[in-house]
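Hi everyone, thanks for coming. Today I'd like to walk you through some aromatic rings, so let's get the picture up.

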Amino acid sequence: MSSLQGLSKVKEKPLIEGNPSFQWITEKISAIVEANRAPKYWLPALGFFSSLLLVLGGSVGYLLWEGVGIWGVQVPNAWGWAIINFVFWVGIGHAGTLISAILFLFRQKWRTSINRSAEAMTLFAVMCALVFPAIHVGRVWVVYWMFPLPNQMQMWPNFRSPLLWDVFAVNVYFMVSLLFWYVGLIPDLATLRDRATSKIKQVVYGVFALGWKGGNRQWKHYELAYLLLAGVATPLVLSVHSVVSFDFAVSQVPGWHTTIFPPYFVAGAIFSGFAMVLTLMILVRKIYNLESIITMGHLDKITKVLLATGLMVGYAYTIEFFTAWYSGNEYESFIFKARAMGPYAWAYWIMFSCNVFVPQIFWFKAARKSIPIMFVASILINIGMWFERFVIVITSLAQDYLPSSWGYFKPTIWDILTFVGTFGLFFTMFLLFLRFVPMVAMSEVKGVLPAADPHHHEEENHG
Amino acid sequence: MAKPYCILASFDSPAALIQAAEKTRDAGYKHFDCYSPFPIHGMDAAMGLKRSPLGLIAAGGAFGGLATAALMQWWMSAVDYPLVLSGKPFFSYQAFVPIAFELTILGAALAAVFGMFALNQMPQYHHPVFESDKLLKTSSDNGFVLAIESSDPAFSTDGVEQFMKDLGAAQIEHVAQEEEGEHV
């Protein structure tokens, strides 16, 4: 008994530092949105990234005018940067859903500080991803042929194709992520509505708050809706990157046709997404002085997720070689040798170093406490994960069954500008989000404060 | 004095609001609600509320999505436009699983969200309780507010006010009935 009593005295570290009041949370988060002026870096940053967005618009415009010949795609590499960038961006989105849905089901209460911005990251990353399948088809004006809509050819799409599964998976993913994010926002929008000082703000926030009253008769249904959304978003997020991996795994191409692809892609997606979350959170907590809400403890947990998923990715990279050798398949063995030692070895080793070696630094507590190390590592991991998709897409196609048709893929300036432009889209949206939407889920953070527990005071009295 | 729409009472903490809700329930009031900035654990039982039926609604949405996907893929691939692809049967159900799965999820998510809107009567931009000038607004910040509505059979203005004072309410506010024709 005595040891059990001792256990109850072990206090968990508070999720929010300084045990603030409910009102402090409301003021702190609402003030960011309500301020007349954004922090000083906001406007220059918006100017820079919206210029990049124009670069995206220009590159896509030229693509529509001239055709996909402006890109580096050329037989044998009929797939190039468009699919690499698509997989890269969809993968980044996955961390947001993991934080909002899977960690919710596991009752990881620390998620409340970062789930709103991570979900926003998901939405914007999926928007960037959706740009590529839409524009890579050549004749963009008939892009609706991808959907099961009646068309002038009286044909229906091919439901046996993984590419069509992908259309459904990614679109459903976007819609469900949007619903999840918006449902989470409703109580906070009502808070902003109730605090509004001008008629315009009151009407705008009021309209988006949908008349939320905040009574328990509403909370009752709301909480269950949130739980159900988390419950369906969890298998969804795992399925989305699995379906993305089917684009490759269902084909007959050496290096693609492997059963490990779905879990390998999902682990990689979460890995890259958490790296992006880490990059963004380090910046956001600093610029908006949110160090007590997004604490070092949060960053510590994110780096541990990076370490775990980094090991999974490293395992996948390694076991692929074993499988290729063990299969006894000449082409399969060849492609893996070519990846590590062939013409694209430089890309392979960038990938391997950034994704497998770099996260090992987080075994050390000092690295998990150092903002500069975390920031640099998160950027390197993002670079590494882009190269992972580059290695997968490019190497397998460049050297296929017939040596006479081998080639070496080179991107053009338009490949590069389009990709850089998507960062413009992503960060423009993210900056607008930071300015106009409460970036931390106020009602959820209040709910995990010690004072929110109805038994809070009783415990203290008995203690 | 005209009968108010409801009377609001504010409390200091989630625990106090839960206790107030239990006593309100035991006193036999039916038309009451507890407003708070976040959902309070145990409030459903304290108010005597039944479990939300939303799970069934979402299950209906899930089956709707599944049925849509199955029928769509069967009709388009096997009936309206049968085409031999890779020597597979027209109704190659194994290949239809991923889309069936995604649309099941979509159906469940849409039903969960719009079912919640329907049960909560959202969007609803005007409600008499919004006529409150003082207390209701605090409940989206740090206020814990009990509301007893005058439509309750056990309601009497003086009786409820006294009841709330006995509960230890910090502040009490009468929310006036709306005047006719004030609806937007």
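I'll go through a few ring pairs, then two charges, and finish with confidence.

Keep in mind that this is a predicted model. Searching the whole structure turns up 64 aromatic pairs over all chains. Let's take one of them. Trp89(A) and Phe423(A) have ring centres 4.9 Å apart, and their planes sit at 55°. We call the pair tilted because that angle is neither under 30 degrees, which would be stacked, nor over 60, which would be edge-to-face.

Where do these two residues sit in the chain? Trp89(A) is in helix H4, residues 81-105, while Phe423(A) is in helix H15, residues 413-436. That's 334 residues apart, so the pair links distant parts of chain A.

And are they buried or exposed? Trp89(A) has 0% relative accessibility, so it counts as buried. Phe423(A) comes out at 21%, and that makes it partly exposed, since buried means under 20%.

Here's another pair: Phe426(A) with Phe427(A). The centres are 5.0 Å apart and the planes make 90°, so this one is edge-to-face. Both of those residues are buried.

Now for the charges. Arg107(A) lies over the face of Phe104(A), 5.6 Å from the ring centre. Arg435(A) does likewise over Phe436(A), at 6.0 Å.

Last, confidence. Chain A averages a pLDDT of 91, and 96% of its residues score at least 70. Residues 459-463 of chain A stay under 50, though, and the model gives them zero contacts beyond four places in sequence. Where pLDDT is low, don't read the predicted coordinates in detail.

Definitions and conventions. Residues numbered from 1 in each chain as written. Chains lettered and ligands numbered in written order. Predicted model: local features only at pLDDT ≥ 70, side-chain atom pairs only at ≥ 80, totals over all residues. Heavy atoms only, no water. Phe/Tyr/Trp six-rings, centres within 6.5 Å; stacked < 30°, edge-to-face > 60°. Helix = DSSP H or I, 4+ residues; strand = E, 2+ residues; numbered from the N terminus. Buried < 20%, exposed > 50% of the residue type's maximum accessible area, 1.4 Å probe, protein only. Lys NZ or Arg CZ within 6 Å of the ring centre and 35° of its normal. pLDDT = per-residue confidence, 0-100. Contact = heavy atoms within 4.5 Å.
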